[in-house]
Protein chains: 2
Amino acid sequence: MKISMEETLAALQSAQNLILTAHVNPDGDALGSVLGLAHYLLGEGKQVRLLIDDDIPARYAILPGYEMFQKPVEGEQYQADLLVVLDASLDRTGKVHEAVQAPVLNIDHHPTNDGRADKLYLDGKAAATAEIIFSLLELAKAKFTLPMASALYTGIATDSGFFKFSNTTPYTMRAAARLLEVGVQPSEISEALEVRPYSHVKGLADALQNIEVWHNGRAAGVFLSYEQMQVIEATDSLIDMLRIIEGVEVAVVLKYKEEAQARVSMRSKGVDVSTVAAKFGGGGHVRAAGCGIEKPYEEAKALLKAAIDEALNPTDILDEAEAVLRASSAQDPTQPSAV
Amino acid sequence: MKISMEETLAALQSAQNLILTAHVNPDGDALGSVLGLAHYLLGEGKQVRLLIDDDIPARYAILPGYEMFQKPVEGEQYQADLLVVLDASLDRTGKVHEAVQAPVLNIDHHPTNDGRADKLYLDGKAAATAEIIFSLLELAKAKFTLPMASALYTGIATDSGFFKFSNTTPYTMRAAARLLEVGVQPSEISEALEVRPYSHVKGLADALQNIEVWHNGRAAGVFLSYEQMQVIEATDSLIDMLRIIEGVEVAVVLKYKEEAQARVSMRSKGVDVSTVAAKFGGGGHVRAAGCGIEKPYEEAKALLKAAIDEALNPTDILDEAEAVLRASSAQDPTQPSAV
């Protein structure tokens, strides 16, 4: 059932013993939302437990309260007045789903939320769940402490791509301004979050040795076979390095983590790559899409490049079709000649 | 002579024919400041000429008014009521310095400004000169148009590292919020500014094949000989890729653009690299410094690595010195034995 922000706040205030959780494979917004809310609730004298069914990446250790995160223990049952699920639907919380006996309050900004929580506050326009928590704590007239502010800033900054993504609104910037006033140092947080293992940087360099640029420089891709994937660590930042190449409208990474199963990621500057992904049973958005292709390397690569060529070329194809028509009407003796 | 913001505005308003300029090798703040102010002045019915003594990188073509930039023509003299120098001292404007006959109004945020302009508005705390222009136009009660807002946003965003650098203040974020309200799309501007030639991305990948990690993983460097530099394009983003490696406290790039002259850039997470640079006659800040070394490759590299080792190791060195002292006082028969 969808509820208002006032009702969300009331639900939090009426509970004394709360468990907070977020999705597996937690990102800055999942962790920042949980910690930001946790610090507030602890300040209100509540009992709070933070359960996330995954490892928490070490780079988030910069956030005060990082040590409070626990993994649910196999087979254990946890009691609480309220289970607060942040930044995801309940079904994305791993074992927490079954391990906690409590009514569910869900706070999320993903329009894809399954809507099945007992109580749901959903704002699909918010840049981050942490932005919603910020609004909620403003409504509660909370005094923002540095631990709260650092956590919420991290959530907002990471989910908005440090204020670069199109979900960034004037409100997003003003919320961040308010959190900086509390004493958050953006340079410290961004530096901590940017840290990557040596293997990632080396893997990026190795993967970039395999750039293919085609279609008059309008497409760029890295296609990594299963054999290459045994020695190259292909990271998320790879496609971003292709995306920024001058003239490139479609960037693609194809890689075989398993032997006969290519995983494909695509980014575009306007060309609809979701139609390319759909051809292989995948999906996504106009500018970011993905799919799997169960074919051997050369075949998968050829099919994918052809599909991208087609997406890049609707006008050319029309021009060609028109040229064929004109040629045929001019030369076909069975057609009446042009007046 | 230093003047107030009110006096700065009055100086602009009393001129009818203005030339606007900024430093050579112009960045987003130089160009954004000039264009933001130019659009305002044009709207006030002034005659405005934009003179920059350098090529304007094509990625800034996203800014409305980009086509207004001119290079001063060799030998030509330009007349104006006022020469407005933005984001630098006059001596960094190349030929504009000699080519324009007019009193100088200088608006800058670099604490290193030489202070020699006829009139100078300097705010060393501002994240960008564009942030100062924003304040100035607020004072003027200007109606922000989209061309003005796009230019000023670009200046603020680029000079604050998209709100990641330590110069980012709550005011910086609120200024950006105001500009987004006018209709600036941060994703469009950031995407346009991130574009790099293929050779840059390829050069980065090639350069990263030469990463050396030493001092127990606390230092990472790429050292490119003159021969390597003939085939590798080493870009500014190289040192950023070293800086983010887990455990790395000092990142360094050494490269020979000329045969016997190494250029060195260093970044640190706290260790004072300006003392390392100073050993070779260079300078900078604690966390970012640079120098030149006129030595052959192997010698320059060895000297530099040793200097970095020393900067990383003040405690170890003290410990060693102490150990030596203790050992000598214990073993030297000419010393009195410890009581």
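How many Å separate the centres of domain 1 of chain A and domain 2 of chain A? Taken over C-alpha atoms, it's 33 Å. Keep in mind as you click around that this is a predicted model.

**Stop 1: chain A as a whole**

Show chain A as a cartoon. You'll be looking at 13 helices and 14 strands. Along the principal axes, the C-alpha atoms fill a box of roughly 90 × 50 × 40 Å. Colour residues 5-194 one way for domain 1 and residues 199-316 another way for domain 2. Of the 339 residues in chain A, 42% are buried. Among contacts in chain A with a separation of 6 or more, 61% link residues 24 or more positions apart.

**Stop 2: the six-stranded sheet**

Now pick out the open sheet in chain A, whose strands run in the order β3-β2-β1-β5-β7-β8 with parallel pairing. Select 69-70 and 119-122 of chain A to see the edge strands, β3 and β8, each of which pairs on one side only.

Stay at the β8(A) edge and add residues 104-108, which make up strand β7 of chain A. Strands β7(A) and β8(A) pair in the parallel sense over four bridges. For a landmark, show A:Asp108 and A:Leu122 as sticks: A:Asp108 stands opposite A:Leu122, which belongs to β8(A).

Next, select residues 28-43 of chain A, helix α2. What does this helix lie across? Add 17-22, 47-51 and 82-86 of chain A and you'll have the answer: strands β1, β2 and β5. Helix α2(A) runs at about 165 degrees to β1(A).

**Stop 3: bring in chain B**

Turn on chain B. A turn of 180 degrees and a shift of 0.0 Å along the axis lays chain B on chain A with an RMSD of 0.1 Å. The two copies are thus related as by a two-fold rotation axis. To find that axis by eye, centre on B:Ala205, the residue of chain B that comes closest to the axis, with its C-alpha at 2.3 Å.

**Stop 4: where the chains meet**

Which elements of chain B should you select here? Try α6 (170-182), α7 (186-194), α8 (198-208) and β9 (211-214) of chain B, each supplying at least two residues of the side that touches chain A. The contact takes 36 residues from chain B and 36 residues from chain A. Helix α6(B) gives the most to chain B's side, with seven residues. Colour chain B's side by residue type and you'll get 20 nonpolar, seven polar and nine charged residues.

One last thing to check: 100% of the interface residues of chain B are also interface residues in chain A, so the copies meet through the same surface.

Notes. Residues numbered from 1 in each chain as written. Chains lettered and ligands numbered in written order. Predicted model: local features only at pLDDT ≥ 70, side-chain atom pairs only at ≥ 80, totals over all residues. Least-squares fit on C-alpha atoms with pLDDT ≥ 70 in both. Contact = placed C-beta atoms within 7 Å. Nonpolar A, V, L, I, M, F, W, Y, C, P; charged D, E, K, R; others polar. Pairing = 2+ DSSP bridges. Axes fitted to C-alpha atoms, helices over the stretch in contact; angles between N-to-C directions. Domains from an automatic or database assignment. Buried ≥ 20, exposed ≤ 12 C-beta atoms within 10 Å, placed from the backbone.
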